[in-house]
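Me: I want to go through some labels and the values behind them. Show me the structure, please.

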Amino acid sequence: MRYFQEYVSNTLAGTGNQTYFQNGGAVRTGRVYYRIFQGGKLEYSLLFSNITDSTFGSASGCNKILEAWKILSLRVGVCPDCSMELTAEPEDFQDVFFDGKRQRQVNPGEFLACDPFELEAAAGQCLCVEIVVQGDILPCHEEIQIPVFVREGDVWVPSPRLPVPGMIGCRREVMRRIGFLGDSITQGIGATPGRYRHWNAEVARMLGDKNSYWNLGLGCGMAYDVASDGAWLFKAGQMDVIILCLGINDLIMGRSPEELKRDLMRIVSRLQSIGVKVVIQTMPPFFEEPDEWVDGWQEVNEYIRTTLTQQADGFFDVAPLLCESEKLPYKPRYGGHPNDAGCAVWAEGLGEYLAPLLERFFL
């Protein structure tokens, strides 16, 4: 897809189509706010998708082709800051178009990018994307961790029920396009919502703006979803490097350790076959008690340590950093979804490991 040859991600927020919702053909107006990673005056284009990426609840599922809906208008503006509770009002909005037109139908299964537009914003400022849509069934990110609002009458109400861009793309030269592929832990659940303290955001700041970073983490996502070779893996395949951390949801949802091992190997091999470097991580500690999933968690982590390390281009063992103790390796010290402190510990270790490894990848 030509879009990925021209644009790279310019936010550390986790986005993507986690699921969908019934809208009954109504017109819906919403706003979503993304913190800008690389500041400056840059050309942007926002990317939308009309396919679900991951499994979220029994009614959803990965690779679901959604029916057509319409974008009635799209505009953007910059705010100094943004909040999870209250909308922030940009000083100025600018309209954004599709092939020179204000409205655009989003077709079933379509990836859609808007026309390029120029925007000036400092690093850390918030890009406000205001979108007006209409349709019966619309994609959304139910567990989104950044501010998103829907207008009800004259009031803005926090709500995830809104189609949001899957990439805040900008045109800039980077050394490497790095993607973080995982579940809710990668998306950022557990860290303070809206403050970008999740582990991969911290890693990105450590590695610096010579690279671009795309957070492909999705709550409830499974290795099984990625291994199905649908929209989620397609997006991961646009990166130069993928940092992978998946598997806990597979075990909880009933996938056997053997099935999970096969899916993880399939993901690594498939990405490598199209030229992507893959750094595999162990599953972090997640379980409070030695329940039915712990044996599978230990078995798959041992497989990652001994077998997948031979296939992957890099390996980082995060589990010992975040566990309660050596005797309780499955029990999380910082929460099953790591809090800000746990994410900082994770990022410090991973960032130190990645910095020289990335240099060796691209000598």
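Me: Which residues does Ile 146 touch, leaving out those up to four places away in sequence?

Reply: In this predicted model, Ile 146 touches Ala 13, Val 32, Tyr 33, Tyr 34, Met 84 and Tyr 196. Ile 146 itself lies in the loop between strand S11 (137–140) and strand S12 (148–152).

Me: Why is Ile 146 called buried?

Reply: Its relative accessible area is 4%. Buried means under 20%. Ile 146 therefore counts as buried.

Me: How far is Ile 146 from Lys 41, C-alpha to C-alpha?

Reply: The two C-alpha atoms are separated by 23 Å. Along the chain, the residues are 105 apart.

Me: Is Ser 49 buried or exposed, and how do you know?

Reply: Ser 49 has 9% relative accessibility. The cut-off for buried is under 20%, so Ser 49 is buried. Its place is in strand S4 (residues 40–49).

Me: What surrounds Ser 49, not counting residues up to four places away in sequence?

Reply: Ser 49 touches Asn 17, Glu 110, Phe 111 and Pro 139. Separately, the Ser 49 side chain reaches the backbone nitrogen of Ile 51 at 3.3 Å.

Me: What makes that pair a polar contact by distance?

Reply: The limit is 3.5 Å between N or O atoms. The pair sits at 3.3 Å.

Me: Now the helices. Why are H3 and H10 called oblique?

Reply: The axes of H3 (residues 199–207) and H10 (residues 340–361) cross at roughly 45°. Roughly parallel needs an angle under 35 degrees, and roughly perpendicular runs from 65 to 115. The H3–H10 angle fits neither, so the two helices are oblique to each other. Their axes come within 8 Å, and H3 passes H10 in a right-handed crossing.

Me: Which residues make that contact?

Reply: H3 gives Trp 199, Glu 202, Val 203, Met 206 and Leu 207. Among those of H10 are Cys 343, Trp 346, Leu 350 and Leu 358. By class, the contact of H3 with H10 has 11 nonpolar, one polar and three charged residues.

Me: What makes H7 roughly parallel to H8?

Reply: The axes of H7 (residues 257–273) and H8 (residues 294–311) cross at roughly 30°. Angles under 35 degrees count as roughly parallel. H7 is therefore roughly parallel to H8. The axes come within 10 Å, and the crossing is right-handed.

Me: What is the make-up of the contact of H7 with H8 by class?

Reply: Residues in the contact include Leu 260, Leu 264 and Val 268 of H7 and Val 300, Tyr 303 and Ile 304 of H8. By class, it has nine nonpolar, five polar and three charged residues.

Note on methods: Residues are numbered from 1 along each chain as its sequence is written. This is a predicted model: local features need pLDDT of at least 70, side-chain atom pairs count only at pLDDT 80 or more; totals for chains, interfaces and linings use all residues. Side-chain values use heavy atoms; hydrogens and water are left out. Axes are lines fitted to C-alpha atoms, for helices over the stretch in contact, and angles run from 0 to 180 degrees between N-to-C directions. Helices (H or I, at least four residues) and strands (E, at least two) are DSSP runs, numbered from the N terminus. Angles under 35 degrees count as roughly parallel, over 145 as roughly antiparallel, 65 to 115 as roughly perpendicular and the rest as oblique. A crossing is left-handed if the near helix is turned anticlockwise from the far one by less than a right angle, and right-handed if clockwise. Contact means heavy atoms within 4.5 Å. Ala, Val, Leu, Ile, Met, Phe, Trp, Tyr, Cys and Pro count as nonpolar, Asp, Glu, Lys and Arg as charged, and the others, Gly among them, as polar. Buried means under 20% relative accessible area, exposed over 50%, partly exposed in between (1.4 Å probe, protein chains only). A polar contact is a pair of N or O atoms within 3.5 Å; within protein, one must be able to donate a hydrogen and the other to accept it, and residues adjacent in sequence count only if both atoms are side-chain atoms.
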